[in-house]
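The following exercises concern a ligand environment and a sheet. Each task is followed by a worked solution.

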Amino acid sequence: MLATPILAEFQALLGADRARADADTLALYASDETPRACPPEAVLFPNGHDQVKAIVDIARRHRLPLVARGAGSGNVGGALPAPGSVVVSFECMRRVLAFDPADRVIVVEAGVVTDEIDRLARGAGLMYAPDPGSGAYCRIGGNLAMNAAGPRAVKYGATRDHVLGLRAVTGDGRELRVGARTSKYATAYDLTRLLVGSEGTLALITEATLRLVPAPQAVATLRVCYADNAAACAAVQRVMHQPVLPCALEFMDRRSIDAIREYGGAEALPPGTGAVLMVEADGAADDVPRQIAALRAALAGPGMLELHSGFTADEIARLWTARKSLSMAVKKIAPLKINEDVVVPIGALAKLVETIDRLGIDHRLPIVSFGHAGNGNLHVNLMVHADDADEMARARACRDALIDAVLHLGGSLSGEHGIGSEKRRYVARELDGDTLAMMRALKALFDPHGLLNPGKKLPDAA
Ligand SMILES: Cc1cc2nc3c(=O)[nH]c(=O)nc-3n(C[C@H](O)[C@H](O)[C@H](O)COP(=O)(O)OP(=O)(O)OC[C@H]3O[C@@H](n4cnc5c(N)ncnc54)[C@H](O)[C@@H]3O)c2cc1C
């Protein structure tokens with residue numbers, strides 16, 4: 001529990017309603033999507049950049065750790081409060097500060113919900129391209145901190161590729177304005193790209209200047225069934241080696257297909273379907289049919305059982321609802337999912353999927369794999385029962401072997417979910433000592449007292 005005089009300082013700044021330490025509030029903000037909880041000392045709800053700066057000043061004086069929070073939808077413990085910390089929730093910072101369709105730019109506060117940005121842009125014929133599956137509730141500050149992405153990343157890139165500039169407060173209370181409002185910029189060190197993906201460990205992001213792109217006039221979707229994972233991965237390779245880039249190229253293995261049957265979109269699949277690709281093209285209305293023809297040609301090959309096209313807008317929405325429900329739907333296989341978010345070079349995707357199958361057999365675990373095949377980024381879910389010690393031990397060994405295999409294939413621990421508290425023990429396997437030392441030096445520069453999101457992103461020093 002936060003000392004009363006410190007709470008009073010925060011309440012004097014924000015109002016009693018926006019600086020809370022009651023048991024219900026603390027419980028509500030004690031966890032994110034990871035199955036762990038640690039109640040914070042207090043939860044603060046600033047209403048703008050200046051209040052964030054003032055919060056950091058108070059925290060610095062009292063050496064209080066601060067954990068930034070968007071919607072708490074992260075799956076790696078990024079927003080999980082550290083012991084003795086205070087949560088800074090950005091949910092009251094939801095203003096759109098500027099929207100300039102002519103410049104294709106929008107400036108938003110960190111608490112704006114991701115899909116709201118896209119909705120606003122669409123009204124002006126534009127689009128905010130990053131589309132995480134949690135877009136209906138996650139917040140842009142959380143997306144920026146994690147460099148979130150989604151199915152459209154294969155064509156449009158991740159959050160980092162859509163940020164022009166940021167306003168932020170460092171751990172020692174310095175105010176940063178980084179980047180620009182222009183589509184080209186070569187003046188400064190690229191601190192914008194550094195802060196994106198920094199998981200709340202370097203600065204609290206208060207405002208973002210985002211790049212918008214023209215909204216496509218038309219979208220068409222293909223659902224393609226294959227006999228097995230190998231046939232689907234070979235098709236992914238063919239698609240990624242021809243000139244028409246799809247705006248989604250999603251993979252689902254057999255267990256994923258079973259998990260989403262009740263959500264629709266997986267009924268009436270041909271018998272023997274072992275893997276499905278969802279492929280989408282977008283662009284000018286008269287160009288999409290040409291793109292679809294090229295994609296059909298690339299998708300056809302050994303092991304293809306069916307290629308379904310001509311979906312209506314409603315059917316496409318149902319397919320995506322089913323796909324986006326997967327994160328939750330897999331939980332009916334076992335109550336706990338150990339969720340890895342590995343990424344490999346596209347040429348190694350088939351090998352990765354084969355390795356995952358083998359690991360599932362070797363460690364006697366149901367593994368559900370799905371994800372953004374066009375980026376080589378798979379969500380690999382080890383489904384377990386937390387109260388089964390033997391199963392948990394096998395899962396740990398399996399996870400270990402998976403990480404080693406991914407690194408051996410030239411890949412990385414995380415494609416989009418980040419490191420948080422859950423994966424940091426693996427980071428030193430991927431990064432060499434000098435690189436890690438440089439990251440620690442940057443952390444010390446931005447946050448000399450180590451107050452911002454301690455115990456996240458970086459592994460403990462040896
Ligand atoms: C069903 C489901 C589907 C998902 N699908 C995707 C997907 O397709 N792609 C994807 O990338 N992720 C996905 N995620 C993961 C998650 O939604 C993303 O990581 C998202 O970016 C988190 O946003 P949030 O607002 O919930 O942030 P939180 O979980 O609250 O925080 C995430 C991290 O950001 C930091 N942070 C938050 N706000 C700020 C700020 N203003 N300044 C500095 N640091 C800050 C936090 O400290 C924490 O480290 C999914 C999650 C779920 C539950």
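**Exercise 1.** Determine which element gives the largest share of the shell around the ligand in this predicted model.

*Solution.* Step 1: 38 residues surround the ligand, a residue being counted if its C-beta atom, placed from the backbone, lies within 6 Å. The closest are Gly-70, Gly-74, Gly-78, Gly-141 and Gly-142. Step 2: two or more residues of the shell come from each of E3, helix H5 (140–146), strand E10 (203–211) and helix H12 (326–329). Step 3: H5 gives the largest share, 5 residues.

**Exercise 2.** State how the shell around the ligand divides by residue class, and where the ligand lies with respect to domain 1 and domain 2.

*Solution.* Step 1: the shell holds 16 polar, 15 nonpolar and 7 charged residues. Step 2: residues of the shell come from both domain 1 (4–89) and domain 2 (96–214), so the ligand lies between these domains.

**Exercise 3.** Give the strand order of the open sheet of 4 strands, identify the strands at its edges, and name the strands that helix H3 touches.

*Solution.* Step 1: the order is E1-E2-E4-E3, and the pairing is mixed. Step 2: E1 (19–20) and E3 (66–69) each have a single partner strand, so they stand at the edges and one side of each lacks a neighbour in the sheet. Step 3: E1 runs antiparallel to strand E2 (residues 42–44), joined by 2 bridges; Ala-19 has Leu-44 in E2 as its bridge partner. Step 4: helix H3 (residues 49–62) packs on this sheet and touches E2, E3 and strand E4 (86–89). The direction of H3 makes about 170° with that of E4.

Note on methods
Residues are numbered from 1 along each chain as its sequence is written. This is a predicted model: local features need pLDDT of at least 70, side-chain atom pairs count only at pLDDT 80 or more; totals for chains, interfaces and linings use all residues. Two strands pair if DSSP finds at least two bridges between them. Two residues are in contact if their C-beta atoms, placed from the backbone, lie within 7 Å. Axes are lines fitted to C-alpha atoms, for helices over the stretch in contact, and angles run from 0 to 180 degrees between N-to-C directions. Ala, Val, Leu, Ile, Met, Phe, Trp, Tyr, Cys and Pro count as nonpolar, Asp, Glu, Lys and Arg as charged, and the others, Gly among them, as polar. Domain bounds come from an automatic or database domain assignment.
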